[in-house]
Amino acid sequence: MGNQKTNISIHYLLLVFFGSFVLAVIFSLLSETLTRAVQSVIISLAGLLFIILIGILADIIGTAATAAQEAPFHAKAAKRVRGGKEGVFLLRNADKVANICNDVIGDIAGTVSGALGISIMVKIVSENPGIDAFIANIMFTALIASLTVSGKALGKTLALSRANDVIFFVGKFFAYWEKLTGKSLGKKSRARS
């Protein structure tokens, strides 16, 4: 039995490794394409804020998964409330949900937002030669870090005080996703009526 647990852990680690790699490539490709294709610094900044927001939202979900109580979701699932069954699944896999949301998505969003910030600063400095590139990069990187950290701090407060609400919202999202695609969160996929 101990061997089986080790195999599952290795399988999960490999899944996280390759999933992280693919997500990082996708995020980086989208952000680089956005920066190169879009000439407007304002639109590039909006893309940067969107990536920061993804990291903050993922952190909220991951934190809520570790703080929410499972019992209310069993009651919802028993009454066939949409999102109840999915909430139970999320909470029974809270360690994996937290890892994927906080570490995988959150860290990738942080890394990509930093790289995108540098690309935006290069564009701003090249269009405004009077700006000191060294100072501008430091200040912009500090601004991105401050937005990310303060956003996550606010998000953690929300996630801890309204953990069940956050997980129920995410559960309902996955319930609708299952209804649209027929793909369930768990291994046992069941079509909803």
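The exercises below work through a predicted model, from its overall fold to its salt bridges, its enclosed and open spaces, and one backbone angle.

Residues are numbered from 1 along each chain as its sequence is written, and side-chain values use heavy atoms, with hydrogens and water left out. Because the model is predicted, local features need pLDDT of at least 70 and side-chain atom pairs count only at pLDDT 80 or more, while totals for chains, interfaces and linings use all residues.

**Exercise 1. Work out which secondary structure elements the protein has, and what share of its residues is buried.**

Step one is to count the elements, taken as DSSP runs numbered from the N terminus (helices are H or I with at least four residues, strands are E with at least two). The protein has seven helices and zero strands, so the pattern along the sequence reads α-α-α-α-α-α-α.
Step two is burial, where buried means under 20% relative accessible area, exposed means over 50%, and partly exposed lies in between (1.4 Å probe, protein chains only). Of the 193 residues, 35% are buried.

**Exercise 2. Find which partners Asp59 and Glu178 have in salt bridges, and which helices the two pairs tie together.**

A salt bridge here is a side-chain nitrogen of Lys or Arg within 4 Å of a carboxyl oxygen of Asp or Glu, and the search of the whole structure finds four of them.
First, Asp59 pairs with Lys156, with the closest N and O atoms 2.5 Å apart. Asp59 belongs to helix H2 and Lys156 to helix H6, so this pair ties together parts that are 97 residues apart in sequence. Asp59 is buried at 4% relative accessibility, whereas Lys156 is partly exposed at 34%.
Second, Glu178 pairs with Lys85, and here the closest N and O atoms are 3.6 Å apart. Glu178 sits in helix H7 and Lys85 in helix H4, so the pair ties together parts that are 93 residues apart in sequence. Glu178 is buried, with a relative accessible area of 2%, while Lys85 is partly exposed at 30%.

**Exercise 3. Describe the largest cavity and the largest pocket by volume and by the class of their lining residues.**

On a 1 Å grid over the protein atoms alone, a cavity is a set of points where a 1.4 Å probe fits but cannot get out, and a pocket is an open set with protein on both sides within 12 Å along at least five of seven lines; lining residues have an atom within 4 Å of a point.
The largest cavity holds about 30 Å³, and residues including Ile51, Gly106, Ser113 and Lys152 line it. H5 gives the most to this lining, with four residues, and by class the lining has three nonpolar, five polar and one charged residues.
The largest pocket holds about 1000 Å³. Its lining comprises 31 residues, of which Phe89, Leu90, Val97, Ile100 and Leu185 lie nearest its centre, and by class there are 24 nonpolar, four polar and three charged residues.

**Exercise 4. Decide what sign phi has at Arg80, and whether this residue is buried or exposed.**

As background, most residues other than glycine have a negative phi. Arg80, although not a glycine, has a positive phi of about 60°. Arg80 is found in the loop between helix H3 (71-78) and H4, and Arg80 is exposed, with a relative accessible area of 70%.

Key:
Grid points are joined across faces, edges and corners, and a volume is the space filled by probe spheres set on the points. Ala, Val, Leu, Ile, Met, Phe, Trp, Tyr, Cys and Pro count as nonpolar, Asp, Glu, Lys and Arg as charged, and the others, Gly among them, as polar.
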